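Q: I am new to this structure and should like to learn how its features are read. Could we go through them one at a time?

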Amino acid sequence: FQSNALDGVNVVITAGPTREAIDPVRYISNHSSGKMGFALAQAAVEAGASVTLIAGPVALVSPERVKRIDVDSAEQMHQAAMDSLANCDMFIGAAAVADYRPAQIVEQKIKKSADSMSIELVRNPDIIAAVASHPQRPFTIGFAAETQDVISYAKGKLAKKKLDLIIANDVSDSEIGFNSDNNAVTVIWNGGEKAMALASKQQLSRCLLSEIAEKYKNSRAT
Ligand code: PMT
(Lines give C-alpha, C1' and ligand atoms only; values in the text may rest on other atoms or scores of the structure.)
Protein backbone atom coordinates (compact mmCIF):
# COMPACT_ATOMS: atom_id res chain seq x y z
CA PHE A 1 0.00 0.00 0.00
CA GLN A 2 1.60 3.23 -1.16
CA SER A 3 1.38 6.14 1.24
CA ASN A 4 1.07 8.58 -1.68
CA ALA A 5 -1.39 6.59 -3.84
CA LEU A 6 -4.09 9.25 -3.45
CA ASP A 7 -1.96 12.37 -3.07
CA GLY A 8 -3.99 15.48 -3.89
CA VAL A 9 -7.20 13.52 -4.54
CA ASN A 10 -10.44 14.83 -2.97
CA VAL A 11 -12.39 11.84 -1.70
CA VAL A 12 -15.94 11.90 -0.34
CA ILE A 13 -17.11 8.85 1.62
CA THR A 14 -20.56 8.08 3.03
CA ALA A 15 -20.79 5.83 6.08
CA GLY A 16 -23.28 4.39 8.53
CA PRO A 17 -27.04 4.00 8.41
CA THR A 18 -29.71 6.61 7.83
CA ARG A 19 -32.66 7.16 10.16
CA GLU A 20 -36.09 7.77 8.70
CA ALA A 21 -38.37 9.40 11.25
CA ILE A 22 -41.85 8.01 11.91
CA ASP A 23 -42.73 10.45 14.71
CA PRO A 24 -40.62 12.49 17.17
CA VAL A 25 -39.43 9.36 19.03
CA ARG A 26 -39.35 6.54 16.44
CA TYR A 27 -37.53 5.80 13.21
CA ILE A 28 -36.74 3.13 10.60
CA SER A 29 -33.05 2.23 10.23
CA ASN A 30 -30.63 -0.69 9.80
CA HIS A 31 -27.63 -2.32 11.48
CA SER A 32 -24.81 -0.39 9.80
CA SER A 33 -22.25 0.75 12.38
CA GLY A 34 -20.21 2.98 10.07
CA LYS A 35 -17.05 0.92 10.70
CA MET A 36 -16.45 0.15 7.01
CA GLY A 37 -16.83 3.75 5.85
CA PHE A 38 -14.75 5.13 8.72
CA ALA A 39 -11.97 2.60 8.03
CA LEU A 40 -11.98 3.66 4.37
CA ALA A 41 -11.74 7.31 5.43
CA GLN A 42 -8.75 6.54 7.64
CA ALA A 43 -7.01 4.57 4.87
CA ALA A 44 -7.70 7.32 2.32
CA VAL A 45 -6.10 9.93 4.61
CA GLU A 46 -3.07 7.62 5.04
CA ALA A 47 -2.85 7.42 1.24
CA GLY A 48 -2.63 11.22 0.97
CA ALA A 49 -6.23 12.09 0.10
CA SER A 50 -8.28 15.04 1.38
CA VAL A 51 -11.28 13.27 2.87
CA THR A 52 -14.85 14.39 3.54
CA LEU A 53 -16.83 11.84 5.54
CA ILE A 54 -20.62 12.13 5.38
CA ALA A 55 -21.74 10.11 8.39
CA GLY A 56 -25.15 8.87 9.39
CA PRO A 57 -25.86 8.42 13.12
CA VAL A 58 -22.96 6.28 14.40
CA ALA A 59 -21.05 5.97 17.66
CA LEU A 60 -17.57 6.34 16.15
CA VAL A 61 -14.81 8.89 16.59
CA SER A 62 -13.69 10.57 13.36
CA PRO A 63 -10.30 9.61 11.97
CA GLU A 64 -7.79 12.45 12.24
CA ARG A 65 -7.61 15.02 9.42
CA VAL A 66 -11.05 14.09 8.07
CA LYS A 67 -13.76 16.68 7.45
CA ARG A 68 -16.89 15.12 8.91
CA ILE A 69 -20.47 16.07 8.07
CA ASP A 70 -23.11 14.47 10.29
CA VAL A 71 -26.54 13.70 8.88
CA ASP A 72 -29.56 11.70 9.98
CA SER A 73 -31.86 10.92 7.07
CA ALA A 74 -31.31 9.79 3.48
CA GLU A 75 -32.58 13.14 2.22
CA GLN A 76 -29.98 14.96 4.35
CA MET A 77 -27.24 12.58 3.16
CA HIS A 78 -28.35 13.19 -0.43
CA GLN A 79 -28.12 16.97 0.06
CA ALA A 80 -24.68 16.73 1.71
CA ALA A 81 -23.45 14.47 -1.11
CA MET A 82 -24.69 16.87 -3.82
CA ASP A 83 -23.10 19.83 -2.00
CA SER A 84 -19.77 17.97 -1.87
CA LEU A 85 -19.51 17.40 -5.64
CA ALA A 86 -18.07 20.82 -6.45
CA ASN A 87 -14.79 19.58 -4.98
CA CYS A 88 -14.82 15.80 -5.38
CA ASP A 89 -12.62 13.54 -7.51
CA MET A 90 -13.73 10.25 -6.02
CA PHE A 91 -16.97 9.26 -4.23
CA ILE A 92 -17.31 6.06 -2.20
CA GLY A 93 -20.80 5.08 -1.00
CA ALA A 94 -20.32 2.79 2.00
CA ALA A 95 -23.47 4.01 3.77
CA ALA A 96 -26.48 1.78 4.16
CA VAL A 97 -29.04 4.29 2.94
CA ALA A 98 -32.69 3.52 3.65
CA ASP A 99 -34.43 2.92 0.33
CA TYR A 100 -37.77 4.15 1.75
CA ARG A 101 -38.97 6.68 4.32
CA PRO A 102 -42.39 7.19 5.93
CA ALA A 103 -44.60 9.26 3.63
CA GLN A 104 -45.37 11.56 6.58
CA ILE A 105 -43.56 12.31 9.80
CA VAL A 106 -46.30 12.39 12.43
CA GLU A 107 -45.90 15.57 14.49
CA GLN A 108 -46.68 14.13 17.93
CA LYS A 109 -45.82 10.72 19.37
CA ILE A 110 -48.20 8.13 17.88
CA LYS A 111 -50.52 6.69 20.53
CA LYS A 112 -51.28 3.01 20.89
CA SER A 113 -54.84 2.16 19.81
CA ALA A 114 -55.79 -0.39 17.13
CA ASP A 115 -54.31 -3.93 17.11
CA SER A 116 -52.54 -3.28 13.86
CA MET A 117 -51.36 -0.27 11.96
CA SER A 118 -49.46 0.42 8.78
CA ILE A 119 -47.01 3.06 7.73
CA GLU A 120 -46.94 4.21 4.15
CA LEU A 121 -43.41 4.40 2.76
CA VAL A 122 -42.10 6.39 -0.19
CA ARG A 123 -38.84 5.97 -2.11
CA ASN A 124 -35.75 7.87 -1.02
CA PRO A 125 -33.40 9.41 -3.59
CA ASP A 126 -30.69 7.02 -4.77
CA ILE A 127 -27.64 9.01 -3.70
CA ILE A 128 -24.91 7.10 -5.52
CA ALA A 129 -26.92 6.94 -8.75
CA ALA A 130 -27.42 10.72 -8.54
CA VAL A 131 -23.67 11.22 -7.99
CA ALA A 132 -22.75 8.96 -10.93
CA SER A 133 -25.10 10.74 -13.32
CA HIS A 134 -24.18 14.28 -12.19
CA PRO A 135 -22.48 16.64 -14.70
CA GLN A 136 -19.57 16.97 -12.23
CA ARG A 137 -19.31 13.20 -12.01
CA PRO A 138 -16.46 11.95 -9.80
CA PHE A 139 -14.94 8.45 -10.05
CA THR A 140 -17.81 6.63 -8.34
CA ILE A 141 -17.61 3.51 -6.18
CA GLY A 142 -20.58 1.80 -4.55
CA PHE A 143 -21.10 -1.12 -2.24
CA ALA A 144 -23.70 -3.83 -2.72
CA ALA A 145 -24.96 -5.43 0.48
CA GLU A 146 -26.66 -8.66 -0.50
CA THR A 147 -27.91 -11.79 1.27
CA GLN A 148 -28.14 -14.02 -1.84
CA ASP A 149 -26.75 -14.15 -5.42
CA VAL A 150 -24.26 -11.55 -4.21
CA ILE A 151 -22.08 -11.22 -7.31
CA SER A 152 -24.90 -11.18 -9.83
CA TYR A 153 -26.95 -8.59 -7.89
CA ALA A 154 -23.80 -6.49 -7.45
CA LYS A 155 -23.14 -6.57 -11.22
CA GLY A 156 -26.74 -5.44 -11.78
CA LYS A 157 -26.23 -2.45 -9.46
CA LEU A 158 -22.88 -1.58 -11.11
CA ALA A 159 -24.67 -1.24 -14.45
CA LYS A 160 -27.96 0.27 -13.26
CA LYS A 161 -26.35 2.94 -11.09
CA LYS A 162 -23.61 3.59 -13.73
CA LEU A 163 -20.75 3.12 -11.25
CA ASP A 164 -17.04 2.71 -12.00
CA LEU A 165 -16.61 0.02 -9.35
CA ILE A 166 -18.82 -1.89 -6.95
CA ILE A 167 -17.76 -3.72 -3.80
CA ALA A 168 -19.93 -6.79 -3.23
CA ASN A 169 -20.54 -7.57 0.42
CA ASP A 170 -22.28 -10.80 1.49
CA VAL A 171 -24.20 -9.62 4.55
CA SER A 172 -25.90 -12.98 5.19
CA ASP A 173 -22.73 -13.93 7.12
CA SER A 174 -22.68 -12.02 10.42
CA GLU A 175 -18.85 -12.26 10.57
CA ILE A 176 -18.61 -9.97 7.54
CA GLY A 177 -20.74 -6.95 6.83
CA PHE A 178 -23.03 -5.06 9.19
CA ASN A 179 -21.42 -4.12 12.51
CA SER A 180 -18.62 -6.73 12.28
CA ASP A 181 -14.95 -5.82 12.78
CA ASN A 182 -13.90 -7.89 9.78
CA ASN A 183 -15.03 -8.09 6.19
CA ALA A 184 -14.44 -10.01 2.96
CA VAL A 185 -15.62 -8.57 -0.35
CA THR A 186 -15.35 -8.84 -4.12
CA VAL A 187 -14.44 -5.73 -6.13
CA ILE A 188 -16.22 -5.71 -9.48
CA TRP A 189 -15.77 -3.44 -12.48
CA ASN A 190 -16.82 -3.56 -16.10
CA GLY A 191 -14.75 -6.46 -17.40
CA GLY A 192 -13.27 -7.94 -14.24
CA GLU A 193 -13.50 -8.77 -10.58
CA LYS A 194 -11.18 -9.45 -7.66
CA ALA A 195 -11.97 -11.25 -4.41
CA MET A 196 -10.46 -9.85 -1.22
CA ALA A 197 -10.00 -12.29 1.65
CA LEU A 198 -11.26 -11.90 5.21
CA ALA A 199 -9.38 -9.17 7.07
CA SER A 200 -10.08 -6.39 9.56
CA LYS A 201 -12.02 -3.51 8.03
CA GLN A 202 -8.86 -1.38 8.47
CA GLN A 203 -6.65 -3.85 6.62
CA LEU A 204 -9.25 -4.48 3.94
CA SER A 205 -9.66 -0.73 3.39
CA ARG A 206 -5.96 -0.40 2.54
CA CYS A 207 -6.24 -3.22 -0.03
CA LEU A 208 -9.43 -1.74 -1.45
CA LEU A 209 -7.93 1.72 -1.79
CA SER A 210 -4.83 0.49 -3.57
CA GLU A 211 -7.06 -1.28 -6.10
CA ILE A 212 -9.33 1.76 -6.36
CA ALA A 213 -6.37 4.18 -6.74
CA GLU A 214 -5.00 2.14 -9.65
CA LYS A 215 -8.36 2.08 -11.45
CA TYR A 216 -8.81 5.81 -10.75
CA LYS A 217 -5.40 6.62 -12.28
CA ASN A 218 -6.17 4.49 -15.35
CA SER A 219 -9.49 6.29 -15.79
CA ARG A 220 -7.72 9.68 -15.73
CA ALA A 221 -5.06 8.51 -18.21
CA THR A 222 -7.59 7.59 -20.87
O1 PMT B 1 -21.27 0.11 8.56
P2 PMT B 1 -20.76 -1.29 8.86
O3 PMT B 1 -21.42 -1.86 10.09
O4 PMT B 1 -19.26 -1.34 8.91
O5 PMT B 1 -21.22 -2.25 7.66
C6 PMT B 1 -20.68 -2.08 6.37
C7 PMT B 1 -21.77 -2.22 5.28
C8 PMT B 1 -22.28 -3.64 5.23
C9 PMT B 1 -22.94 -1.26 5.57
C10 PMT B 1 -21.06 -1.80 3.94
O11 PMT B 1 -19.98 -2.67 3.68
C12 PMT B 1 -22.04 -1.87 2.76
O13 PMT B 1 -22.24 -2.89 2.14
N14 PMT B 1 -22.66 -0.70 2.46
C15 PMT B 1 -23.73 -0.57 1.47
C16 PMT B 1 -25.01 -0.96 2.13
C17 PMT B 1 -26.20 -0.83 1.21
O18 PMT B 1 -27.13 -0.11 1.51
O19 PMT B 1 -26.11 -1.47 0.07
P20 PMT B 1 -27.21 -1.49 -1.10
O21 PMT B 1 -26.89 -2.68 -1.90
O22 PMT B 1 -28.60 -1.35 -0.54
O23 PMT B 1 -26.91 -0.16 -1.90
C24 PMT B 1 -26.06 -0.14 -3.03
C25 PMT B 1 -25.29 1.16 -3.11
O26 PMT B 1 -26.20 2.23 -3.33
C27 PMT B 1 -24.48 1.51 -1.87
O28 PMT B 1 -23.27 2.11 -2.27
C29 PMT B 1 -25.39 2.50 -1.14
O30 PMT B 1 -24.63 3.43 -0.36
C31 PMT B 1 -26.07 3.20 -2.31
N32 PMT B 1 -27.43 3.73 -2.05
C33 PMT B 1 -28.45 2.89 -1.74
C34 PMT B 1 -29.73 3.40 -1.57
C35 PMT B 1 -29.93 4.80 -1.71
N36 PMT B 1 -31.14 5.34 -1.53
N37 PMT B 1 -28.91 5.60 -2.01
C38 PMT B 1 -27.65 5.10 -2.18
O39 PMT B 1 -26.70 5.84 -2.47
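**Reading the ligand shell, a helix and the core**

A: Let us begin with the ligand, bearing in mind that this is a predicted model. Helix 1, helix 3 (127-132) and strand 9 (139-146) each contribute at least two residues to the shell around the ligand.

Q: Which element gives the largest share of that shell?

A: Strand 9 does, with 4 residues. Sorted by class, the shell holds 13 nonpolar, 11 polar and 4 charged residues.

Q: Which of the 28 residues around the ligand come nearest?

A: They are Ser33, Met36, Gly93, Ile127 and Gly142. Gly93 makes a useful example, as a residue can be described by its element, its burial and its contacts. Gly93 lies in strand 6 (residues 90-93).

Q: Is Gly93 buried or exposed?

A: Burial is judged by counting neighbours: a residue is buried if 20 or more other C-beta atoms lie within 10 Å of its own. Gly93 has 28 of them within that distance, and is therefore buried. Leaving aside residues up to four places away in sequence, Gly93 touches Thr14, Ile127, Ile128, Gly142 and Phe143. By contrast, 25 Å separates the C-alpha atoms of Gly93 and Ala103, which are 10 residues apart along the chain.

Q: How is the length of helix 1 to be read?

A: The end-to-end reach is set against the span expected at 1.5 Å a residue. Helix 1 (residues 35-46) has 12 residues and reaches 17 Å from its first C-alpha to its last, close to the expected 16 Å. Just after helix 1 comes Gly48, with a positive phi of about 100 degrees.

Q: Why is helix 1 described as largely enclosed by the rest of the structure?

A: The description follows because 11 of its 12 residues are buried. Among the buried residues of helix 1 are Met36, Phe38, Leu40, Ala44 and Glu46. Their cover includes strand 1 (10-15), strand 4 (50-55), strand 5 (66-70), strand 6, strand 11 (182-189) and helix 5 (201-221).

Q: What does the largest nonpolar core contain?

A: In soluble globular proteins, nonpolar side chains tend to be buried together. Here the largest nonpolar core has 59 residues, and those with the most contacts inside it are Val11, Ile13, Leu40, Ala44, Ile166 and Leu209. Helix 1 provides the largest share of this core, 7 residues. Leu209 touches Ala5, Leu6, Leu40, Ala43, Ala44 and Ala47, not counting residues up to four places away in sequence.

Q: Which residues does UniProt list for "binding site"?

A: An annotation comes from a record, and its positions can then be located in the model. The unreviewed UniProt entry lists Asp99, Lys109, Pro125, Asp126, Ile127, Ile128, Phe143, Lys157 and Lys161. They span 63 residues in sequence and their farthest two C-alpha atoms are 37.3 Å apart, so they do not all gather at one spot.

Q: Where is Asp99 placed, and where is Ile128 found?

A: Asp99 sits in the loop between strand 6 and strand 7 (100-102), whereas Ile128 belongs to helix 3. Asp99 is partly exposed, with 13 other C-beta atoms within 10 Å, while Ile128 has 24 C-beta neighbours inside 10 Å and counts as buried. Not counting residues up to four places away in sequence, Asp99 touches Arg123 and Asn124. On the same basis, Ile128 touches Gly93, Thr140, Gly142, Lys161 and Leu163.

How values were computed. Residues numbered from 1 in each chain as written. Predicted model: local features only at pLDDT ≥ 70, side-chain atom pairs only at ≥ 80, totals over all residues. Contact = placed C-beta atoms within 7 Å. Expected span 1.5 Å × (residues − 1). Near = placed C-beta within 6 Å. Nonpolar A, V, L, I, M, F, W, Y, C, P; charged D, E, K, R; others polar. Core = buried A, V, L, I, M, F, W, Y, C linked by C-beta atoms within 7 Å. UniProt positions renumbered as here; feature names shortened; annotations may be inferred.
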